[in-house]
Amino acid sequence: MASNQVRIRPEIAGLIAREFSTNLSAIEACADSYNKILSQSPYEYLAHLIRTMEIFVRNQKNKEYFRITVTPNNSNGEIESLAWASYSGDWYSFDIYYDEKLDEIQKRVVIAHELGHLFYDVISERTEQSKKETLSTLFGIAAMLHKYQCKEDAPVYSSEEDLVEKFKLLNNRSNDILNMSGTKN
């Protein structure tokens, strides 16, 4: 399992310090603060899809505060290796629970399946019960394929140094815009 914390290697920290005229302690403090934020929530699975579905429900059903939660739980005999969801019929929440002992891929699979239930059972208000598990699975497959395809198409940085360079270019463009508008840094 990949770590859910940022680690900045010393050589990259040195590069950042030089390129952005800052010191190593500021870089370390930023990384520590970032990791504190991450430690306050469980590892996020399918976060972009979840956020998109929340916005969809808020807009389509006119429910401003609708939210989807995803929570790990200890397994017991009945739900071992599975996930389940509970839906608040008032359109305020759709809560997904999954067996925390699942491996990383299976966690995503079962969560994607439960999001399929949200889509077919709740959003589209499909009433045909006989195919709801199959339809939810099909939605989950589409979600996982999309994530895989986006990963393959996503810009990939050749190195951490390349990533720092991209931020340097952004910073330079931002400074140029500020300087053209008469604002000084």
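The paragraphs below go through a predicted model, from its overall layout to one helix, a pocket and a few backbone details.

The chain holds 6 helices and 3 strands, and when these are read along the sequence they follow the pattern α-α-α-β-β-β-α-α-α. Of its 185 residues, 28% count as buried. Among the contacts in the chain with a separation of 6 or more, 59% are accounted for by residues 24 or more positions apart.

Helix α4, which covers residues 104–123, is a useful element to examine in detail. Its 20 residues should span 28 Å at 1.5 Å a residue, and because the C-alpha atoms at its ends are 27 Å apart, the expected and modelled lengths agree. The helix is mostly covered, with 15 of its 20 residues buried, a class that requires a relative accessible area under 20%. At the N-terminal end, α4 is capped by Asp103, which places a side-chain oxygen 3.1 Å from the backbone nitrogen of Ile105. Just after the helix, Glu125 takes a positive phi of about 55 degrees.

That last value invites a look at other backbone angles of this kind. Most residues other than glycine have a negative phi. Ser21, however, has a phi near 50 degrees, and this residue lies in the loop between α1 and α2. Asn62 likewise has a positive phi, near 55 degrees, and is found in the loop between α3 (47–60) and β1 (67–73). Ser21 counts as exposed because its relative accessibility is 69%, and Asn62, at 67% relative accessibility, also counts as exposed, the cut-off for that class being over 50%.

The remaining feature is a pocket. Rolling a probe the size of a water molecule over the atoms shows where empty space is left. The second largest pocket in the model has a volume of about 440 Å³ and is lined by 16 residues, of which Ile8, Ile16, Leu163, Val164 and Phe167 lie nearest its centre. The elements that each contribute two or more residues to this lining are α1 (10–19), α2 (24–39) and α6 (160–180). By class, the lining of the second largest pocket consists of 12 nonpolar, 1 polar and 3 charged residues. The loop that joins two of these lining helices, α1 and α2, is where Ser21 lies.

How values were computed
Residues are numbered from 1 along each chain as its sequence is written. This is a predicted model: local features need pLDDT of at least 70, side-chain atom pairs count only at pLDDT 80 or more; totals for chains, interfaces and linings use all residues. Side-chain values use heavy atoms; hydrogens and water are left out. On a 1 Å grid over the protein atoms alone, a cavity is a set of points where a 1.4 Å probe fits but cannot get out, and a pocket is an open set with protein on both sides within 12 Å along at least five of seven lines; lining residues have an atom within 4 Å of a point. Grid points are joined across faces, edges and corners, and a volume is the space filled by probe spheres set on the points. Helices (H or I, at least four residues) and strands (E, at least two) are DSSP runs, numbered from the N terminus. Ala, Val, Leu, Ile, Met, Phe, Trp, Tyr, Cys and Pro count as nonpolar, Asp, Glu, Lys and Arg as charged, and the others, Gly among them, as polar. The expected span of a helix is 1.5 Å times one less than its number of residues. Buried means under 20% relative accessible area, exposed over 50%, partly exposed in between (1.4 Å probe, protein chains only). A polar contact is a pair of N or O atoms within 3.5 Å; within protein, one must be able to donate a hydrogen and the other to accept it, and residues adjacent in sequence count only if both atoms are side-chain atoms. Contact means heavy atoms within 4.5 Å.
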